[in-house]
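Colleague: I should be grateful for a close look at one part of this model, followed by an account of how that part sits within the whole.

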Amino acid sequence: MKLVFTILLNFFVLNALCNKITILIDPGHGGKDPGHLPLKDTLMNEKDIALEIALKVGNYLTYNLSNVEVLYTRTTDIYPTLDERVDQANNNKVDYMLSVHVNGSPNSNIYGTETHIHNFDAKTSYKWARLIEEQFKTRAGRKSRGVKTAADIGHSIQVLKHTKMPTVLVECGFITNTSEGKYLNSVYGQEIIASAIFRATREFLKAKHPKIDFSPPQDQTNQPDEPHYKVQIMASIDKIDTEIKEFKKLDYSVERVFVESTSMYKYKYYVGPFSNKKDAKKAQKSVQSNGFNDAFVVYFE
Ligand SMILES: [Zn+2]
């Protein structure tokens, strides 16, 4: 007992001295529990999409923020019970827990994202959840169905109710909706969703822990999932609204970037990011077939 106490004490002291934040990422379901099933057999189950997105979020956090340690309830196709997930969070005294799911409904017209918290007394969780939904809207261009509590859905969720630290459960969209299902099955969709969760979490952590230095680690040469490629679809002299129908009809959302340059073209328009060249090439073909014949792949270090 004394030894356990000493180890725990050391853990606390070390964490306090290092000013390090620990986040437990929990990809929902797994193993014998597929979660929600897709409309077609050829598409992925909830458990597989949740794992893909969760691992990407973990990589974004690990490679882009200092002083954040990421733990997972699972990194493969196994099923830890809900009790085990809660125990892992509580016994390891993690600072935050993020559970990643995708939604499903018998009504295939329903789509959009939701972030769940236990109740509105969980103020820290609520702040984090709101930022995630905000990023889903702005960064990912998703329809946000908002922050939900146990009261909204008529029952409590075990990982939200029994964990002792701020915890959110993200429903990244409905795999039972044809177009959202397609998005969630695509590497592009998974990247964007993960980067939206990452951006929200970064903003949340910075506000919550102003004394901790979260600036990106110096050595960024090993960033497996850091996006490396984008497809530039055009450049312009004046600012073009990214909501125009020519952009909207693309399978990808368009990002506008202002460039300080002597060239008359001050704005560049990209789709992406993509972590590998193959996906970028695929996107390039797709935007070219939609009228942007000059689109080309750009590598970002
Ligand atoms: Zn689920």
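In which strand does Pro-273 lie? Please begin there and then proceed to the packing of the chain.

Modeller: The model is a predicted one. Pro-273 lies in strand β9, which comprises residues 267-274. The peptide bond that leads into Pro-273 from Gly-272 is cis, with omega near 5 degrees.

The setting of this strand is given by the domains. The domain assignment of the protein chain gives domain 1 (2-208) and domain 2 (229-299). Between the C-alpha centres of domain 1 and domain 2 the distance is 30 Å. To the contact, domain 1 supplies 4 residues and domain 2 supplies 5 residues.

The two domains are also linked through the nonpolar interior. The largest nonpolar core holds 68 residues, and those that touch the most other members are Ile-23, Ile-53, Val-57, Val-100, Ile-132, Ile-197 and Ile-233. Helix α8 (residues 187-208) provides the largest share of this core, with 10 residues. Because domain 1 (2-208) and domain 2 (229-299) both give residues to the core, it lies between them. Val-57 illustrates the connections: leaving aside neighbours within four places in sequence, Val-57 is in contact with Ile-25, Val-100, Ala-194, Ile-197 and Phe-198.

Helix α8 also packs against helix α4 (residues 123-138), at an angle of about 140 degrees and with the axes 8 Å apart. At that angle, α4 is oblique to α8, since only angles over 145 degrees count as roughly antiparallel. The crossing of α4 and α8 is right-handed. On the α4 side, the contact is made by Lys-127, Trp-128, Leu-131, Ile-132, Glu-134, Gln-135 and Phe-136. On the α8 side, the residues are Ala-196, Ile-197, Arg-199, Ala-200, Glu-203 and Phe-204. Ile-132 and Ile-197 thus appear both in this contact and among the core residues that touch the most other members.

A further helix, α7 (residues 178-185), has Glu-180, Gly-181, Tyr-183, Leu-184 and Asn-185 buried. The buried residues of α7 pack against α2, β3 (96-103), β6 (167-174) and α8.

Strand β1 contains Thr-22. With 18 C-beta neighbours inside 10 Å, Thr-22 counts as partly exposed, because a buried residue requires 20 or more. Not counting residues up to four places away in sequence, Thr-22 touches Glu-69, Leu-71, Val-94 and Asp-95. Thr-22 and Arg-202 are separated by 180 residues in sequence, whereas their C-alpha atoms are 13 Å apart in space.

Two loop residues deserve attention for their backbone geometry. His-29, in the loop between β1 (21-27) and α2 (46-64), has a positive phi of about 60 degrees although it is not a glycine. His-29 is buried, with 21 other C-beta atoms within 10 Å. Asn-67 is located in the loop between α2 and β2 (68-72), and its phi is near 65 degrees, again a positive value in a residue other than glycine. Asn-67 has 15 C-beta neighbours inside 10 Å and so counts as partly exposed.

Conventions:
Residues numbered from 1 in each chain as written. Predicted model: local features only at pLDDT ≥ 70, side-chain atom pairs only at ≥ 80, totals over all residues. Core = buried A, V, L, I, M, F, W, Y, C linked by C-beta atoms within 7 Å. Buried ≥ 20, exposed ≤ 12 C-beta atoms within 10 Å, placed from the backbone. Helix = DSSP H or I, 4+ residues; strand = E, 2+ residues; numbered from the N terminus. Domains from an automatic or database assignment. Contact = placed C-beta atoms within 7 Å. Axes fitted to C-alpha atoms, helices over the stretch in contact; angles between N-to-C directions. Parallel < 35°, antiparallel > 145°, perpendicular 65-115°, else oblique. Left-handed = near helix turned anticlockwise from the far one by under 90°.
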